[in-house]
Amino acid sequence: YTMATKRIYEPRAKYPDRTKLQEHAFGGITITINRLETALLLLNSQEEAVLQSVLNTISEFARKWDENIVQLKENKVLELLLEKEFFIDSPNVIVRRFALFLITAILDNTELGEYETEKTAQLLEVSYRFYLKDNDDFCVEYLTYIINLCLRDPQVAQNILENIEFLEKFKNIFVNSDNPDTVYNSIEALHKILQVQSAEEMLAFTTLPGFPVDRIVCELTNEFLEIRLAALKVLKTLLSDTSEESVFEPLHRCLFVLQQLVKAFCSNPQSPDALGIIEVLATALRSEKMTNLFFKQNLFEQMVEQLKLDIEILRPDVICTIISIYAEAAKYQAYLGRMHAANITQMFIDCLMKSKPEPAPFVIMGINRLIEFPDALRLVVAEYEKGLLVHLVNLIRSPVVSIKTREQAAELVGHLLTSAFRNTGEQLIEMDIANGLATTIQQGLPQLSIDLVLSILAIIEGLASNDEYRMVLGECTSLSEKIAQLLMRSYAHAILVHNIFRCLCTIIDEEPVRSTLLNNFIVSSIKRALKSLSNLVKTAVTNFILQTTRFNEFVDAYIDRGILETLMMYQKHAFCVSTWGPAIESILAKCPTMKFCIRNCLTFTDITAGKDFYVSKRKFEDFRHFQSLLRTDCSPLEAVLVVNFDRPKAEPCDVVNVPEHCLLGMDVGGDQKWMYCKRPGDEKLPEYLEALNQTLALHGLVENPDRIRRSIDFENVAKRCKIIAEAVNGVMSENIKILDLNTTEECSRHTVRCHLAELRYSYHTNFIPLGVVRSGCQFERAILFKCFADQIGLPCTLQRSVDGRMLYNEVPLPLELEQDIHCDKKTLKFMPWRMLRPTHIVDLMYNIGELYPMQSRQALQYLRLY
């Protein structure tokens, strides 16, 4: 207390001289500056009053004319302020505001492309630091605008996600701000951030705590249009994620956004943002959860009632846009009845017929979904009389219509063809749909989209399910031609190639289609498809081969033009393409010549009747060598026996005259010309067959032709085998010495070889008709037995031995084991031939007509294996 009293009352000995202080002080300067460059130099001042005055003057200069801002840019004011970091650290808030105002004014008149990404990132980095430090409302407004502009650069926007501290303050300011400009720029900046994110990144970002989704929803009813439009953009992006983990996972938030959207629309359906609201609402209704709430909370009825009130004053195109929400809701069949009762179906039809120049894709999509409801389907079909179907077909055909609309129109026609086939099919045929679709397909890719082509192919498949319509489609050769040409250009798209082959399978029964396809390189397309990397394409083309081997012209093309070769050479694909092996077998089943060459076996179902059957004495390891002999004009080293029952004399076109200059030094025999033929006629074979049939008739063994493939006369199999074997022996026993089965001596093979040599000399070729062979051992006799058996309907195989020198025949007979229920004669009698198994070998050389059980001693002796 004493010390304090002493300090307080102690008198001063010295006092400051105020006169001297005023004399030494720096006096103020007041001058007039008329140059911008001089003013900019003053930005380096440390005096806040100077900075405030200079920035105020420059700001007033910028406000007057846009040309003044150009002058500021030329003087690099932006770079100067960026170097000063916008005076972040200035304690004077007015200085900070003026600096930020100048930045916004310059950026507002600058294209972002004028600045490199590095400079934009630098500008944004300073803005981040300013944003985190300053809480002044005006500064935050300017900074939000600057950040929004900088985020136009996607590379810059991508890096913002790493700045967690900034994002936190950004969300807090956005949620709590009452400044319209700050709110608008915050929403715009948020939209740009969302646009540069992947689906996973967006999900992680939007589900963070504090994400301002509720504030965005609230802004749907903001008094400022720009804010409402910005909020709609963000909501449309957020609602595109319909997963359960999205930001709209809580039911209360889903209901809130639906209520806000309906409220915003119903308050003013003619507002500039009304159509934007509809687009967002349509996006929301893609979610089943949203759709359920939309109907259960009676929001659907609110929209319908509002639409009814304003339908007279709204333009037709606006109404068509509004009903897009019903197109999305129609995806869920549970609400189709309510929608049809509210006259939504008729609205869609009216929009389809009245929209100019073309309806929006969702209009047709809505009809496509609504016709799942029977009453809606009946209403649409009734509109055929007013030209609805014609209008849809015209949309499909028109190249000026948007591709999405054409896709939806084609899909709708295909759906109508399924749901109301008779009415739709009749209308389409009357419209000459075949030529119309041909013209459309001619436009080709990329003029047509893959989805459009797939829908067109579906229409063709639908019509082809009716025989009469398929005939009409088949007669339009231009349609088949355009499809074949489209196939050649479509191998970049596996799904398209797959569907083209599937479509062709439905119309291939028509002869004009087959000839058109063969004339338009279908075989080349098939070969290319077989070598495709896509298993889908390989499956489709092998299935097409399976379907087309019913027709001889296709079988011949597959064999002669390399398809069979490709299938055989790439059999490794059978491991992943289930139809690869069956495709090979389907071709071989129609060509016993190639099947026997490749498989060295003909089964019960391989019938030699109906076409020429060639068997070479030589066994070929590579079937292509034998195929080459059949195709080219050269004679093989070994004899080739030709079986033919239908051509007594060779066709003139098949006879080849050998030129005289090729026969120098040879005795041709007077005026006789040297000719040869690879498809010789056979007069004897039909005679032998007729004699065989007469013998069978004498014994009562002629089978009813109607029952040949439906039952097997097992009781008489052995008897008929005996008669056929004796007939074969009667034909080929000339100069043949019959030996005992138990002997090891070879039969008269030398006699046969000499006989065949004489025939080769007589016919001037190694292709010899089987009917002229009078001396034969197992090889020749087995061929004749198989051919006779096929003619009279007796199940019989033709097998080549491993060494290739011997042929033999097998027949099916029940083993008659009492304990084996599978060998019941009554069951086997009606068993399909393909399910029969060979049980006995036919003896054609020793004990003529005897049947030896397979693996028995006699069978092995006959095959010279014992």
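This report walks through the cysteines and the salt bridges of the structure above.

Please keep in mind that the model is predicted.

**Cysteines**

A good place to begin is with the cysteines. A disulfide is a covalent bond between the sulfur atoms of two cysteines. How many disulfides does the structure hold? The number is zero. Two of the cysteines show how surroundings can be described. Cys139 has a relative accessibility of 0%, so Cys139 counts as buried, the cut-off being under 20%. Cys576, with a relative accessible area of 45%, is partly exposed.

**Salt bridges**

Next come the charged side chains. Side chains of opposite charge can pair when their charged atoms come close. In this structure there are 27 salt bridges, and the table introduces three of them.

| Pair | Closest N to O distance |
|---|---|
| Arg253 and Asp214 | 3.2 Å |
| Lys386 and Glu383 | 3.9 Å |
| Glu565 and Arg624 | 3.3 Å |

Let us take these pairs in turn. Arg253 and Asp214 meet through their side chains in a salt bridge. This pair links distant parts of the chain, 39 residues apart: Arg253 sits in helix α16 (residues 251–267), and Asp214 in helix α14 (residues 213–218). Is Arg253 buried or exposed? Its relative accessibility is 16%, so Arg253 counts as buried. Asp214, at 31%, counts as partly exposed.

The salt bridge between Lys386 and Glu383 has its closest N and O atoms 3.9 Å apart. Here Lys386 is exposed, because its relative accessible area is 62% and exposed means over 50%. Its partner Glu383 has a relative accessibility of 9% and therefore counts as buried.

Which residue forms a salt bridge with Glu565? The partner is Arg624, with 3.3 Å between the closest N and O atoms. This pair, too, links distant parts of the chain. Glu565 belongs to helix α38 (residues 563–569) and Arg624 to helix α41 (residues 623–631), with their positions 59 residues apart in the numbering. For Glu565 the relative accessibility is 28%, which means that Glu565 counts as partly exposed. Arg624 is also partly exposed, with a relative accessible area of 28%.

**A shared network**

Finally, some salt bridges share partners. Through such sharing, Asp612, Arg647, Asp654 and Arg679 are joined into one network. You can look for these four residues in the structure above.

Note on methods. Residues numbered from 1 in each chain as written. Predicted model: local features only at pLDDT ≥ 70, side-chain atom pairs only at ≥ 80, totals over all residues. Heavy atoms only, no water. Disulfide = S-S within 2.5 Å. Buried < 20%, exposed > 50% of the residue type's maximum accessible area, 1.4 Å probe, protein only. Helix = DSSP H or I, 4+ residues; strand = E, 2+ residues; numbered from the N terminus.
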